[in-house]
Amino acid sequence: MTHPDYPLLARQLEALLDTRDWLVNSAQTCAFIMQQVPNLNWVGFYLQRHPELLTLGPFQGKPACNPIPFHKGVCGAAARSLQCQRIDDVHAIADHIACDADSNAELVIPVLVEGSLWGVLDLDSPLVGRFTAADQAGIEALVEIFVMKSDLSGFAFGQ
Ligand code: SME
């Protein structure tokens with residue numbers, strides 16, 4: 001498998017996000033990741049628009065589960081803990097929410113604005129063990145660019 005050149009992807013995403021509009025930028029970010037990172041079957045945002053609940057946002061892939069409560073699944077764990085969740089095989093996770101039977105590995109990155117949860121970015125892959133620590137660091141850097149380039153205030157729950 002070819003490994004993405006994440007520093008290059010970061011520069012390309014920075015150039016692509018040429019508006020402050022979070023909706024445009026979130027749609028572009030997941031389309032960009034889906035095109036540039038190999039072996040993914042789903043990439044998308046879940047937004048925190050209600051207390052303790054994630055709402056499906058812009059995504060690429062099959063129609064997905066909505067909503068996801070904070071107490072369930074890998075996305076819920078990321079939202080509760082504010083920690084990235086990197087899972088080699090989701091079938092080993094008891095409360096994993098199976099939206100697509102093809103998904104085996106999952107990477108969920110909390111999107112934080114000034115330390116508060118705005119949402120999460122969820123990546124799914126059909127390949128067990130697809131996401132390495134290098135993928136996590138690379139995708140986290142892309143999420144930082146999305147946050148830096150977007151006006152996210154006035155939308156997340158509680159703001
Ligand atoms: N598998 C996720 C649910 C979201 S979908 O993969 C798009 C979870 O367990 O939180």
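Mentor: A strand here is a DSSP run of E with at least two residues, and strands are numbered from the N terminus. With that in hand, and bearing in mind that this is a predicted model, P67 is placed in the loop between β2 and β3.

Trainee: What makes the peptide bond between N66 and P67 a cis one?

Mentor: Its omega is about -10 degrees, and the bond joining N66 and P67 is cis.

Trainee: How do you know which strands sit at the edges of the sheet?

Mentor: Start with the order, β3-β2-β1-β6-β5-β4, in an open sheet of 6 strands with antiparallel pairing. β3 and β4 each pair on one side only, and they are the edge strands.

Trainee: Why do β5 and β6 count as paired?

Mentor: Pairing takes at least two bridges found by DSSP. β5 and β6 (residues 116-125) have 9, in the antiparallel sense, so they pass. Within that pair, I109 stands opposite L121 in β6. Helix α4 (residues 133-149) packs on this sheet and touches β1, β4, β5 and β6. The direction of α4 makes about 35 degrees with that of β5.

Trainee: And what makes β1 a partner of both β2 and β6?

Mentor: The bridge counts again: 7 between β1 and β2, and 6 between β1 and β6. The bar is at least two, so both are pairs. Both are antiparallel too. For landmarks, L56 in β2 is the bridge partner of Y46, and V43 stands opposite L123 in β6.

Trainee: Why do you call β1 mostly covered?

Mentor: Of its 9 residues, 7 are buried, and buried means under 20% relative accessible area.

Trainee: What stands out in the hairpin of β1 and β2?

Mentor: There are 2 residues between the strands, and E52 takes a positive phi near 55 degrees. That is a positive value in a residue other than glycine. N39, in the loop between α2 (22-36) and β1, also has a positive phi, near 60 degrees.

Trainee: Are E52 and N39 exposed or partly exposed?

Mentor: E52 has 54% relative accessibility; exposed means over 50%, so E52 qualifies. N39 comes to 35%, which falls between 20% and 50%, so N39 is partly exposed.

Trainee: On to charges. Why is the contact of D100 with K62 called a salt bridge?

Mentor: The cut-off is 4 Å between a side-chain nitrogen of Lys or Arg and a carboxyl oxygen of Asp or Glu. For D100 and K62 the closest N and O atoms are 3.5 Å apart, so the contact qualifies. The pair links distant parts of the chain, 38 residues apart: D100 is in the loop between β4 (85-87) and β5 (105-113), and K62 in the loop between β2 (53-61) and β3 (68-69).

Trainee: How do you know that D102 and K62 make one too?

Mentor: Their N to O distance is 3.7 Å, within 4 Å, so the rule is met. D102 is also in the loop between β4 and β5, 40 residues from K62. K62, D100 and D102 are thus linked in a network of salt bridges.

Trainee: Which of D100, K62 and D102 are buried, and which are partly exposed?

Mentor: D100, at 10%, is under the 20% limit, so D100 is buried. K62 at 45% and D102 at 41% are both partly exposed.

Trainee: How many salt bridges are there by this rule?

Mentor: The count comes to 3. R130 with D135 is one of them, with closest N and O atoms 3.1 Å apart. R130 and D135 are both buried.

Trainee: Now the ligand. Which residues come nearest?

Mentor: V74, C75, I97, C99 and D124, out of 13 residues around the ligand.

Trainee: And what makes the approach of I97 to the ligand a polar contact?

Mentor: A polar backbone atom of I97 is 2.8 Å from a nitrogen atom of the ligand, and the limit is 3.5 Å, so this pair is in. A nitrogen atom of the ligand is also 3.1 Å from an N or O atom in the side chain of E106. A polar side-chain atom of D122 lies 3.4 Å from an oxygen atom of the ligand. Both distances are within 3.5 Å, so these two count as well.

Notes. Residues numbered from 1 in each chain as written. Predicted model: local features only at pLDDT ≥ 70, side-chain atom pairs only at ≥ 80, totals over all residues. Heavy atoms only, no water. Helix = DSSP H or I, 4+ residues; strand = E, 2+ residues; numbered from the N terminus. Buried < 20%, exposed > 50% of the residue type's maximum accessible area, 1.4 Å probe, protein only. Contact = heavy atoms within 4.5 Å. Axes fitted to C-alpha atoms, helices over the stretch in contact; angles between N-to-C directions. Near = heavy atom within 4 Å. Polar contact = N/O pair within 3.5 Å; in protein donor to acceptor, adjacent residues only side chain to side chain.
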